[in-house]
Amino acid sequence: MTQTLPDHRLIDGRNVARRILAECKDYTDEQNNLGRLVSICIGDVPETEVYVRNQARGAERAGLPFEQVNWDANITQDEAKQIIQQMNDDASILGVIIQRPAPAHINIRSLQSAVHPLKDVEGMNPASIGNIVYSDVALAPCTAAASVELIKETGLNLEGLEVVMIGHSEIVGKPAAMMLMAEGATVTVCHHLTRSVAMHSRRADVVVVAVGIAGFLGPDMIKPGAAVIDIGINQITDEDGNFKIVGDVQTQAVTEVAGWITPVPGGVGPVTVAILIRNAIVAHKRQVAAGWIS
Ligand SMILES: Nc1nc(=O)c2c([nH]1)NC[C@@H]1CN(c3ccc(C(=O)N[C@@H](CCC(=O)O)C(=O)O)cc3)C=[N+]21
């Protein structure tokens with residue numbers, strides 16, 4: 001009989017998420033009358049289904065009230081903004097999440113700016129994003145924060161660590177680069193105009209990939225022993241015609257070279273959700289400190 005050994009190169013995101021949620025539960029156990037987390041979807045957006053379902057599950061495990069709200073795809077910008085403003089003033093609402101993408105006629109950035117910074121549990125308000133530049137990272141974009149959390153999970157000391165961030169999106173690449181700098185890492189950011197991504201990534205102690213291209217990062221693009229954080233969520237059709245979610249990394253091949261690697265699913269996704277819940281706890285503390293709630 002052959003026995004399979006656990007692969008210690010794989011970083012188990014579900015385990016990290018469990019730990020974060022348990023810490024949140026310790027906090028909520030001490031509170032009474034916690035406001036609820038409101039998660040908004042505008043129109044039918046299949047991309048957000050898994051995310052919202054896992055938000056509900058995470059909130060439950062952390063002992064936070066949760067409400068999913070579905071707005072009609074035809075809601076106007078004005079109506080949407082008005083409801084958000086009412087939510088800002090509603091003491092029974094702890095935090096607000098607006099799922100991306102939204103229908104084309106909705107200006108999602110403007111809506112996210114309308115969420116009060118103290119209720120911005122996704123860290124998407126320009127004020128929250130701007131605070132990251134000042135190394136004030138309490139309410140950071142969840143996926144960016146998740147990548148920092150997973151790098152810490154390797155045990156590597158972030159001070160002076162060479163990190164290459166591939167991708168420079170507003171919600172992942174740019175904030176992640178800022179947060180990694182705040183931790184003392186030397187950060188290189190690559191993007192679609194970078195001449196040779198491999199030239200940069202092969203030098204790195206840690207490679208973080210968020211480009212949205214299935215199998216983008218191959219084994220020849222990393223230094224042996226490097227840590228690889230895979231942020232991609234790409235839907236592909238496998239040989240049998242079934243839908244499958246894969247990351248931006250050729251996981252199997254890269255695992256043979258990497259020192260650590262995050263799988264998809266089971267890597268960044270669950271930690272993203274756990275950070276969202278942790279942000280809600282931070283928001284609660286800040287709302288209490290600001291005298292909004294007692
Ligand atoms: N404003 C906004 N912020 C987002 O962060 C955002 C968004 N809109 N729209 C949709 C995408 C998608 N997304 C996911 C997060 C976690 C999982 C996740 O938990 N994935 C599990 C899947 C496990 C399962 O299948 O149940 C995993 O990777 O293991 C998936 C998808 C966040 N997004």
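Q: Leaving aside its neighbours within four places in sequence, which residues is Ile233 in contact with?
A: Once the neighbours within four places in sequence are set aside, Ile233 is in contact with Ile245, Val264 and Gly269. Keep in mind that this is a predicted model. A contact here is a pair of C-beta atoms within 7 Å.

Q: Where along the chain is Ile233 found? And is Ile233 buried or exposed?
A: Look in the loop between β7 and β8 (234-237) for its place. For burial, you count the other C-beta atoms within 10 Å, and 20 or more make a residue buried. Ile233 has 21 such neighbours, so it counts as buried.

Q: Which residues does the UniProt "binding site" annotation cover?
A: According to the unreviewed UniProt entry, the annotation covers Gly167, His168, Ser169 and Ile233. Take Ser169, which sits in the loop between β4 (162-166) and α7. With 17 other C-beta atoms within 10 Å, Ser169 is partly exposed. Leaving aside its neighbours within four places in sequence, Ser169 is in contact with Lys174 and Ala210.

Q: Which domain features does UniProt give, and where?
A: There are a couple to look at, both from an unreviewed entry. The record puts "domain: Tetrahydrofolate dehydrogenase/cyclohydrolase catalytic" at residues 11-122. Over that stretch the chain is 46% helix and 17% strand, with its end C-alpha atoms 24 Å apart. The record also puts "domain: Tetrahydrofolate dehydrogenase/cyclohydrolase NAD(P)-binding" at residues 141-287. Over residues 141-287 the chain is 35% helix and 19% strand, and the end C-alpha atoms are 19 Å apart.

Q: How do I read a sheet? What is the strand order in the sheet of three strands?
A: Start with who pairs with whom; strands count as paired when they share at least two bridges. This open sheet runs β2-β1-β3, and the pairing is parallel. β2 (66-71) and β3 (93-98) are at the edges with a single partner strand each, so one side of each has no neighbour in the sheet. On average, neighbouring strands here are turned by 20° against each other, direction ignored. For a close-up, follow strand β1 (residues 36-42), which is joined to β3 by five bridges. Within that pairing, Ser39 has Ile97 of β3 as its bridge partner. Then add helix α2 (residues 49-62), which lies across β1, β2 and β3 and runs at about 160° to β2.

Q: What is the order of the sheet that five strands form?
A: The order is β5-β4-β6-β7-β10, in an open sheet with parallel pairing. β5 (186-190) and β10 are the edge strands, each pairing on one side only. Now walk across the bridges. Five of them join β4 to β5, and Val163 stands opposite Val187 in β5. α7 packs on the sheet as well, touching β4, β5 and β6, with its direction at about 165° to that of β5. Further along, β6 and β7 pair over four bridges, where Val206 has Ala227 in β7 as its partner. Two bridges then link β7 to strand β10 (residues 260-261), and there Val228 stands opposite Ile261.

Q: Which residues on the faces of β7 are buried?
A: Ala227 and Ile229 are buried on one side, Val228 and Asp230 on the other, and thus both faces are covered.

Q: Why is α6 described as largely enclosed?
A: Count its buried residues: ten of the twelve are buried, so the rest of the structure largely encloses the helix. Among them are Cys142, Val148, Glu149 and Leu150. The buried residues pack against α1 (13-29), α7 (173-182), β6 (206-209), β7 (227-230) and α10 (268-289). As for direction, α6 lies across β6 and β7, at about 150° to β7. You can check its length too: α6 (residues 142-153) reaches 16 Å from first C-alpha to last, close to the 16 Å expected at 1.5 Å a residue. After the helix comes Gly155, with a positive phi near 90°.

Q: How many residues surround the ligand, and which are the closest?
A: There are 19 residues around the ligand, and the closest are Tyr51, Asn54, Arg100, Pro265 and Gly269. The elements giving two or more residues to this shell are α2, α6 and α10. α10 provides the largest share, four residues. You've already met Gly269, as a contact of Ile233.

Definitions and conventions. Residues numbered from 1 in each chain as written. Predicted model: local features only at pLDDT ≥ 70, side-chain atom pairs only at ≥ 80, totals over all residues. UniProt positions renumbered as here; feature names shortened; annotations may be inferred. Expected span 1.5 Å × (residues − 1). Contact = placed C-beta atoms within 7 Å. Axes fitted to C-alpha atoms, helices over the stretch in contact; angles between N-to-C directions. Near = placed C-beta within 6 Å.
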